[in-house]
Amino acid sequence: MPLAGNGGYTVRRYTLDFDWRAPRTPFEAGATISATATQALSRFDLDFAGNTLHRVTVDAVPATVRRDGDELVVTPARPIPRGSTFTVRVAYTADPTQGRHRDDAIQDYGWVPTADGTVVCAQPDGARMIFPANDHPSLRAPVTFHITTPPGLSAVANGRLVGTVRRPDGRTRWTYDSEHPLAAQLVQLAIGRFTFVDSSGPRGLPVRDVVPDDLVTDTEEYRSLTPDHLAWLERRLGPYPFRRYGVLVGDTDLPVALETQSLSVLPREDLLGDRVDAERNLVHELTHHWTGDSVAIRRWSDLWLSEGHARFYERLYSDEHGGVSLESVMRSAYEQHDQWRHDEGAPAEPGEATLFKVMRYDGSALVLFALREKVGAETFERIERAWVTEYRGRTAGTRDFVALASRVAGEDLTPFLRPWLYGAHTPPMPGHPDWRVDPVED
């Protein structure tokens, strides 16, 4: 995704205003972007797709704009000196029917309509359909949300509910603060007839689930397991890295769950079926809050670090709680690994079209399993704890992980990990000389 994100400035905060009206109905919206120029700017770009653009100002002065694909090219009335702060305001009509499709695990993304509102799936590059952004996984900024809803509907977004204001016409304005910087792909805002269910996790961590009114009882059994999942992951990865957590139940046909920061999305079907499968998905999205959300990926080619870790701990938890054994799952992945390399690229070498294919999930978890077999469980656990601790709230990539693992293990692991991450063929699995890779079929 070579055009994702933009240089020349750093976003300090997004303030987003959405005057929601009804499902699949355009509504007025605005974005205020506070930024600092990292170089002298005669013009700059924002990632912004679709929607009806009305006006753009820079420091309250009208700017010249043109659209170039997904790029909104902004030319301010006066150049912006390097190091100076500036404020961009974009007024537009949002189109809540706007979405795109991928032929991998993501499938449909952007605005995801529900019967009475919406949820958002911005991953991987769909935030630009929601608001003008610097839409790259390594670029993060705090977000303030102002969402106005009709009578009877609630709104939720990442972070903390700051307050609500009831208007004379019966509409309600909801204000949320993300509390932490987040990447555009991890933004969540949802509107619907919701019940807010409060509980607490380890050390009193606030946990708030957001559930469509008619799904509260049916989803309660599995949602109530979140404190146990938090405790289990904290024993392995250290303290949960954000100020609150919760599960948003998506009353949609959304095909995947999402690790939207501090508020994971779980499709209703994930919480209405088998407990083992439900817990796998719940633990997967929660794990992302350490690896993928707190430790952000440096570029999309590093996605294996995010999805591979989430899948590894999902499988490890399932192994310990009535699911298929980790070794059995990893052996199956090993057998298919050469085929996945052929079809989808090595774990750290995805193509755009194969970004969210199985290689980034079980195929990447296998790399972590191989590392554990190589260095031993105790050293592996120290590597993992160091990874999420040293890079907490920061951006990191494959090279950073290999260097950290080598330092913690006391040996250069580059010769071991490089073939696993980039090679055309799957290396031997340490400690399992009997494991074999299936032949590749074209």
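Buried here means under 20% relative accessible area, exposed means over 50%, and partly exposed covers what lies in between, with a 1.4 Å probe and protein chains only as cover. The structure to which these words apply is a predicted model, in which local features need pLDDT of at least 70 and side-chain atom pairs count only at pLDDT 80 or more, while totals for chains, interfaces and linings use all residues. Residues are numbered from 1 along each chain as its sequence is written, and side-chain values use heavy atoms, with hydrogens and water left out.

**Stop 1: the open sheet**

Select the strands β5, β4, β8, β2, β1, β13, β16 and β15, which in that order make up an open sheet of eight strands with mixed pairing; strands (E, at least two residues) and helices (H or I, at least four) are DSSP runs numbered from the N terminus, and two strands pair if DSSP finds at least two bridges between them. The edges are held by β5 (61-62) and β15 (160-166), each of which has a single partner strand, so one side of each is left without a neighbour in the sheet. At the β5 edge, β4 and β5 pair in the antiparallel sense over two bridges, and here V58 stands opposite V61 in β5. When colouring side chains, keep in mind that in a regular strand they alternate between the two faces of the sheet.

**Stop 2: two hairpins through β10**

Next select residues 99-101, which are strand β9, and residues 108-113, which are strand β10; the two are antiparallel and pair over three bridges. G99 stands opposite G110 in β10, and the hairpin that β9 and β10 form has six residues between the strands, with Q107 in the turn at a positive phi of about 60°. Extend the selection to residues 118-121, strand β11, which runs antiparallel to β10 and is joined to it by four bridges. P113 stands opposite T118 in β11, and β10 and β11 form a hairpin with four residues between them.

**Stop 3: salt bridges between distant segments**

A salt bridge is taken as a side-chain nitrogen of Lys or Arg within 4 Å of a carboxyl oxygen of Asp or Glu, and by this rule the count comes to 28 salt bridges. Begin with E352 and R102, whose closest N and O atoms are 2.6 Å apart. E352 lies in the loop between α5 (326-344) and α6 (362-375) and R102 in the loop between β9 and β10, so the pair ties together parts that are 250 residues apart in sequence. The two ends differ in their cover, since R102 counts as buried at 5% relative accessibility, whereas E352 is partly exposed with a relative accessible area of 45%.

Then select E179 and R244, which meet in a salt bridge of 2.7 Å, N to O. E179 is in the loop between β16 (172-177) and β17 (182-183) and R244 in the loop between α2 (226-237) and β21 (247-250), the pair linking distant parts of the chain, 65 residues apart. E179 counts as buried at 16% relative accessibility, and R244 is partly exposed at 21%.

For a link between helices, take R236 and E320, whose side chains meet in a salt bridge at 3.4 Å, N to O. R236 belongs to helix α2 and E320 to helix α4 (residues 303-320), so the pair ties together parts that are 84 residues apart in sequence. Both R236, at 23% relative accessibility, and E320, at 42%, count as partly exposed. Finally, select R280, R311, E314, R315 and D362 together, as salt bridges that share partners join these residues into one network.

**Stop 4: backbone exceptions**

Most residues other than glycine have a negative phi, and most peptide bonds are trans. Centre on Q123 and P124, where the peptide bond is cis, with omega near 0°; P124 lies in the loop between β11 and β12 (140-141). Move next to N51, a residue other than glycine with a positive phi near 60°, which is found in the loop between β3 (44-47) and β4 (52-58) and is buried, with a relative accessible area of 12%. S262 also has a positive phi, near 70°; S262 sits in the loop between β21 and β22 (264-267) and counts as buried at 9% relative accessibility.
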